[in-house]
Amino acid sequence: QLHLEESGGGFVQPGGSLRLACATSEVGTLSPAVYTIGWFRQAPGKEREGISCVSNDGGDTYYSESVKGRFFISRDNTKNMVYLQMDNLQPDDTGVYYCAGDLYGMFMKTGYLPEWWGQGTQVTVSS
């Protein structure tokens with residue numbers, strides 16, 4: 001069972017940056033490092049959107065078109081952490097950001113919904 005906890009959300013003006021962090025831990029015998037981890041977001045009145053995903057070894061990444069070139073995902077398996085660097089933030093990036101994990105693989109490339117989710121962190125971009 002994978003536990004995930006997001007941090008780093010907040011309020012930022014358009015054009016600004018934030019770095020989200022996802023702390024992972026495993027209740028059982030597996031290491032969090034074997035899980036693929038992704039970031040999703042949900043804006044008020046909109047459907048949840050998968051925006052970025054990183055493979056367990058960090059060698060494969062995925063970005064949605066809405067964030068490609070502005071967001072960068074990384075992970076540090078020595079610390080069981082996954083990060084999302086968000087640059088040039090715009091009001092459309094406002095929403096609750098969730099990290100999620102699964103053993104499935106690069107789930108965001110196939111639309112597979114991961115099993116384990118964090119509670120989310122709010123990101124607000126406004127002038």
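Leaving aside neighbours within four places in sequence, R70 is in contact (heavy atoms within 4.5 Å) with Q85, M86, D87, N88, L89, Q90 and D93. The model is predicted, so that local features need pLDDT of at least 70 and side-chain atom pairs count only at pLDDT 80 or more, whereas totals for chains, interfaces and linings use all residues. Residues are numbered from 1 along each chain as its sequence is written, and side-chain values use heavy atoms, with hydrogens and water left out. R70 is found in the loop between β6 and β7, where strands (E, at least two residues) and helices (H or I, at least four residues) are DSSP runs numbered from the N terminus. With a relative accessibility of 18%, R70 counts as buried, a class defined by under 20% relative accessible area, with exposed being over 50% and partly exposed in between (1.4 Å probe, protein chains only). A polar atom of the R70 side chain lies 3.0 Å from the backbone oxygen of N88.

The loop between β6 and β7 also holds V67, which counts as buried at 0% relative accessibility. Apart from its neighbours within four places in sequence, V67 is in contact with R41 and I51. The C-alpha atoms of V67 and D93 are 8.7 Å apart in space, although 26 residues separate the two in sequence; D93 is also one of the residues in contact with R70. In the loop between β4 and β5, by comparison, lies K46, which counts as exposed at 51% relative accessibility. The C-alpha atom of K46 is separated by 9.4 Å from that of G95, 49 residues apart along the chain.

Strand pairing was examined next, two strands being taken to pair if DSSP finds at least two bridges between them. Four strands form an open sheet in the order β1-β3-β8-β7, with antiparallel pairing. The edges of this sheet are occupied by β1 (2–7) and β7 (71–76), each of which has a single partner strand, so one side of each is left without a neighbour in the sheet. Direction ignored, neighbouring strands of this sheet are turned by 20° against each other on average, the axes being lines fitted to C-alpha atoms (for helices over the stretch in contact) and angles running from 0 to 180 degrees between N-to-C directions. Within the sheet, β3 (residues 18–26) and β8 (residues 81–86) run antiparallel and are joined by six bridges, and M81 in β8 is the bridge partner of A23.

Antiparallel pairing also joins β4 to β5 (residues 49–54), here over five bridges, with G50 in β5 as the bridge partner of F40. These two strands form a hairpin with six residues between them, and G45 in the turn has a positive phi of about 75°. β5 is in turn joined by three bridges to β6 (residues 61–63), and the two run antiparallel; the bridge partner of V54 in β6 is T61. A hairpin with six residues between the strands is likewise formed by β5 and β6, and G58 in its turn has a positive phi of about 80°.

The structure holds four aromatic pairs, where rings of Phe, Tyr and Trp (its six-membered ring) pair if their centres lie within 6.5 Å, and planes under 30 degrees apart count as stacked, over 60 as edge-to-face and the rest as tilted. F40 and F107 form a stacked pair, with 6.3 Å centre to centre and 10° between the planes. This pair links distant parts of the chain, since F40 belongs to strand β4 (residues 36–42) and F107 to the loop between β9 (95–102) and β10 (116–117), 67 residues apart. Both rings belong to buried residues, F40 having 5% relative accessibility and F107 having 0%. The rings of Y104 and Y112 are also stacked, because their centres lie 3.9 Å apart and their planes are at 10°; Y104 is partly exposed, with a relative accessible area of 44%, and Y112 counts as partly exposed at 35%. Ring pairs further link F40, Y98, F107 and W117 into a cluster.

Finally, the charged end of R19 sits over the ring of Y83, 3.9 Å from its centre, the criterion being that NZ of Lys or CZ of Arg is within 6 Å of the ring centre and within 35 degrees of the ring normal.

Key
Polar contact = N/O pair within 3.5 Å; in protein donor to acceptor, adjacent residues only side chain to side chain.
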